[in-house]
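Here is a short tour of one protein chain, written for a reader who likes to follow along in the viewer. Please have a look at the model before reading on.

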Amino acid sequence: MGITMQEVYSLPLFEHSILCSGTEKMETTVVKGVSVIETPVESFVRQDEFVLTSGVSCRDEDSFHQFVDEVIAAKAAGLAVALGPYVKQIPASVIELAQAKQFILLTVDWEVRFSDILEAVFARIHQRKRENLEKIEALRKSLLHYILSGQSLHTVADHVASTLTCDILIADKRGVILGKSKAVHPDLQEKWLVFLHKQLVDDGIYQHVNSGFDWLAYKDGYALQLTIHSGAAIQGYIVVGGFGEEPFSEEEHQEWVSLLEHVATAVAIHFFHQQAAKETEWRLRDDFVWELSRGAIATKEAMLSRAKSLSYQINLPYLALVAKAEQVEQAFQAASHVTISFDHWLHECIRYMEEEAESIAKSMALKSMVTYQQQELIIFLEITHEPASSQAMIYIKKFTERLQLLYPSLTLSWGIAKQYGYSCFHTSYLEAKRALEIGRKRKGIPSISTFSDTKVDRILESIYQNNELLEITGSILTALLRYSEERQIDLLHTFTTYHRNRQNVSQTARELNLHRQSLLYRLRKIESLTGCSLDDADDLFLLDLSTRLWLYDGE
């Protein structure tokens, strides 16, 4: 912690001093100490030190010139020369040297004792340190008051910004801005979000805790990012803008760390309080949305009353989406730098998914209701235009992109309902859940399936309950399957490819990479083993149905 050369020059002791060079540096040059030095300089002058000299060792102009040059090279804050018996006046060549190096050079009366200057400068430096400590303590107390009285983070950011004379952004670890000071430079917020996005791309939401600062440049200068953390877990970020290009010295670094740690502690307390309140709110919302999904709310009046208390707009057309996180434990293990337990990680993951689900709907100007139950994320999304599935797909795309940023190793499978509208939550949920189950079975994981695209699967499922049909289809395929296994020739695949290509022999042969005659041989073999003619429409239907049922059972 230091004072400026302008503050030093303003002391009464320098009332009759003459400033010979460095006028433009007076307001920005910091003085952290003061010393009396005669030649040789060597290593006796420290950086940012205000040097006093009588010139007693300078025998001539050349030696004085060399002395001043060495003081400048030592990165001193400035040099004061006592005019008297040893130096009558500062030589022009020395003044030209100081001006060329933009170095602060001034005179001091011989009658002024150096000990008085040392005492006055050190007293001002110590006063500045006391003021800084008092400012830190006042900031700590006021922030604690703001947090405990329930003030918003915007108010906290404003207070910190006015105290430190800088721009302030406060965000959670997803990059959601929770508080910012007034008149923050737009480019600061934009550049920081880009900066954080890169961090998320590299490490996901669970980044390594950094006890220092991260620096970023923006249009109005430089900003530092400080992490807010509890233990080894990052909770959010404080971004402080308004710095110059020059890096911090070690002392300045420690001063800012000490100052901002109080801010970080206060914000961490706010996060803790908010999280506790949000957990209570999420539980109430979870229960309500889950009851909507199950059709467990007895009357519409009860539904409307509870929805109103939770700030949900229930009288809108909603479509159900159901998502399932795939291979969750493997995703946790893939994040090798995560230091929390699996249960803690999963709980946070669920909450972040719920928050992102609502946030993305809000960004699309849509209402939503979200819950996570029985390892499934259930979302009721407002539909504003047809086709509903198209709007749902856009939403899922945005959600997936965001989730990949926060949890790179986590994937979701989705089911989308067909029916949407007013107060059809239970039906829509069942459709979305069914679409999810069928999609995962048919397409694997991860997958996206709509209920309207599962007609054939649902028909097959119903047929699969009929034992007589299963016996008929089983008898048709038994010989074919046995032959395929013995000869290692997949005749079932041959038939499905042939049928998909609408009985086009040439196209089927190309797709299977077979000679035309080899394909014709296989087709005749299929007819002889199944007793079905591929030229007969009824036989073709029966063989196709048998194949689908066998494949459905196999899946």
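The notes below cover confidence, annotated domains, backbone geometry, cysteines and a surface patch.

**Confidence and conventions**

This is a predicted model, in which local features need pLDDT of at least 70, side-chain atom pairs count only at pLDDT 80 or more, and totals for chains, interfaces and linings use all residues. Residues are numbered from 1 along each chain as its sequence is written, and side-chain values use heavy atoms, with hydrogens and water left out.

The pLDDT score is the predictor's confidence in each residue, from 0 to 100. For the protein chain its mean is 87, and 95% of the residues reach 70 or more. Confidence is highest in strand E15 (residues 376-382), at a mean of 96, and lowest in helix H13 (residues 455-463), at 74. Helices (H or I, at least four residues) and strands (E, at least two) are DSSP runs numbered from the N terminus.

**Annotated domains**

Two domain annotations come from an unreviewed UniProt entry; positions follow the numbering used here, feature names are shortened, and annotations may be inferred rather than shown by experiment. "Purine catabolism PurC-like" covers residues 7-125. That span is 31% helix and 21% strand, with its end C-alpha atoms 10 Å apart. "PucR C-terminal helix-turn-helix" is assigned to residues 491-548. Here the chain is 78% helix and 0% strand, and 14 Å separates the end C-alpha atoms.

Leu13 sits in the loop between helix H1 (5-9) and strand E2 (19-21). Its partner in space is Val108: the two are 95 residues apart in sequence, yet 8.3 Å apart from C-alpha to C-alpha. Leu13 is partly exposed, at 25% relative accessibility. On this scale, buried means under 20% relative accessible area, exposed over 50%, and partly exposed in between (1.4 Å probe, protein chains only).

**Backbone geometry worth a look**

Most residues other than glycine have a negative phi, and most peptide bonds are trans. The table lists departures from that pattern.

| Site | Feature | Value |
|---|---|---|
| Thr39 to Pro40 | cis peptide bond | omega near 0° |
| Glu386 to Pro387 | cis peptide bond | omega near -10° |
| Thr165 | positive phi | about 55° |
| Ser311 | positive phi | near 65° |

Where do these sites fall? Pro40 belongs to the loop between strand E4 (33-36) and strand E5 (49-53). Pro387 is in the loop between E15 and helix H11 (388-406). Thr165 lies between helix H5 (153-164) and strand E8 (167-172), in a loop, and is exposed, with a relative accessible area of 70%. The loop between helix H8 (300-309) and strand E13 (318-326) holds Ser311, which is also exposed, at 62%.

**Cysteines**

How many disulfides does the whole structure hold? A search finds zero, taking a disulfide as a pair of cysteine sulfur atoms within 2.5 Å. For Cys20, the nearest cysteine sulfur is that of Cys58, 15 Å away. Cys20 is buried, with a relative accessible area of 17%, and Cys166 counts as buried at 12%.

**A nonpolar surface patch**

Val56, Tyr86 and Trp110 make a nonpolar surface patch of about 300 Å². Tyr86 comes from the loop between strand E6 (78-83) and helix H3 (92-100) and is partly exposed, at 45%. Patches are made of residues with over 30% relative accessible area and no salt bridge, with like charges joined within 9 Å and nonpolar side chains (Val, Leu, Ile, Met, Phe, Trp, Tyr) within 5 Å. A salt bridge is a side-chain nitrogen of Lys or Arg within 4 Å of a carboxyl oxygen of Asp or Glu. Accessible areas come from the Shrake-Rupley method with a 1.4 Å probe, and for residues only the protein chains shown count as cover.
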